[in-house]
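Subject: Structure handed over, with notes

Dear colleague,

I am passing on the structure we spoke about, and I would be glad if you could look through it before reading my notes underneath.

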Amino acid sequence: MENAKILENAEKQSDSVADERKNFDAFIGAMVQIVEKYGKSVLQDLDCVA
């Protein structure tokens with residue numbers, strides 16, 4: 001019985017890790033798109049200020 005609980009917890013944790021990985025990958029993808037879109041103009045603005 002206790003082994004079943006341990007296995008259940010392990011499965012829940014692996015599902016949670018998979019969900020976190022998907023969320024992280026989506027976040028990184030969005031950040032990459034933002035940098036690709038606005039990075040050049042931001043760097044140019046910073047050069048002008050400096």
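What follows is a short account of what was found, going from the whole chain to single residues.

Please keep in mind throughout that this is a predicted model. The protein chain has one helix and zero strands, and that helix, helix 1, covers residues 2-49. The overall dimensions can be given in two ways: the C-alpha atoms fill a box of roughly 65 × 20 × 5 Å along the principal axes, and the radius of gyration is 21 Å, whereas a compact globule of 50 residues would have one near 10 Å.

As for the surface, 2% of the 50 residues count as buried, and the protein chain exposes about 4,900 Å², with carbon and sulfur atoms supplying 59% of that area.

Two distances illustrate how separation along the chain compares with separation in space. Asparagine 9 and isoleucine 34 are 25 residues apart in sequence, and their C-alpha atoms are 37 Å apart; alanine 18 and lysine 40 are 22 residues apart along the chain, with 33 Å between their C-alpha atoms.

Three of the residues in helix 1 can be described by their accessibility. Asparagine 9 lies in helix 1 and counts as partly exposed because its relative accessibility is 44%. Isoleucine 34, which also lies in helix 1, is partly exposed because its relative accessible area is 44%. Alanine 18 is found in helix 1 too, and its relative accessibility is 36%, so it counts as partly exposed.

Turning to charge, the protein chain carries 6 positive and 10 negative charges, and the mean positions of these two sets are 3 Å apart. A negative patch on the surface is made up of Glu8, Glu11, Asp15, Asp19 and Glu20. One of its members, glutamate 11, has its place in helix 1 and counts as exposed because its relative accessibility is 51%, the cut-off for exposed being over 50%.

There is also a nonpolar patch on the surface, formed by Phe24, Phe27, Ile28, Met31, Val32, Ile34, Tyr38, Val42, Leu43 and Leu46, which together have about 940 Å² of accessible area. Isoleucine 34, already mentioned as partly exposed, is thus one of the residues of this nonpolar patch.

With best regards

Methods: Residues numbered from 1 in each chain as written. Predicted model: local features only at pLDDT ≥ 70, side-chain atom pairs only at ≥ 80, totals over all residues. Heavy atoms only, no water. Helix = DSSP H or I, 4+ residues; strand = E, 2+ residues; numbered from the N terminus. Rg over C-alpha atoms; globule rule 2.2 N^0.38 Å. Buried < 20%, exposed > 50% of the residue type's maximum accessible area, 1.4 Å probe, protein only. Areas by Shrake-Rupley, 256 points an atom, 1.4 Å probe, with all protein chains shown as cover. Lys, Arg positive; Asp, Glu negative; His and termini not counted. Charge placed at Lys NZ, Arg CZ, Asp CG, Glu CD. Patch = residues over 30% accessible without salt bridge, like charges linked within 9 Å, V, L, I, M, F, W, Y side chains within 5 Å. Salt bridge = Lys/Arg side-chain N within 4 Å of Asp/Glu carboxyl O.
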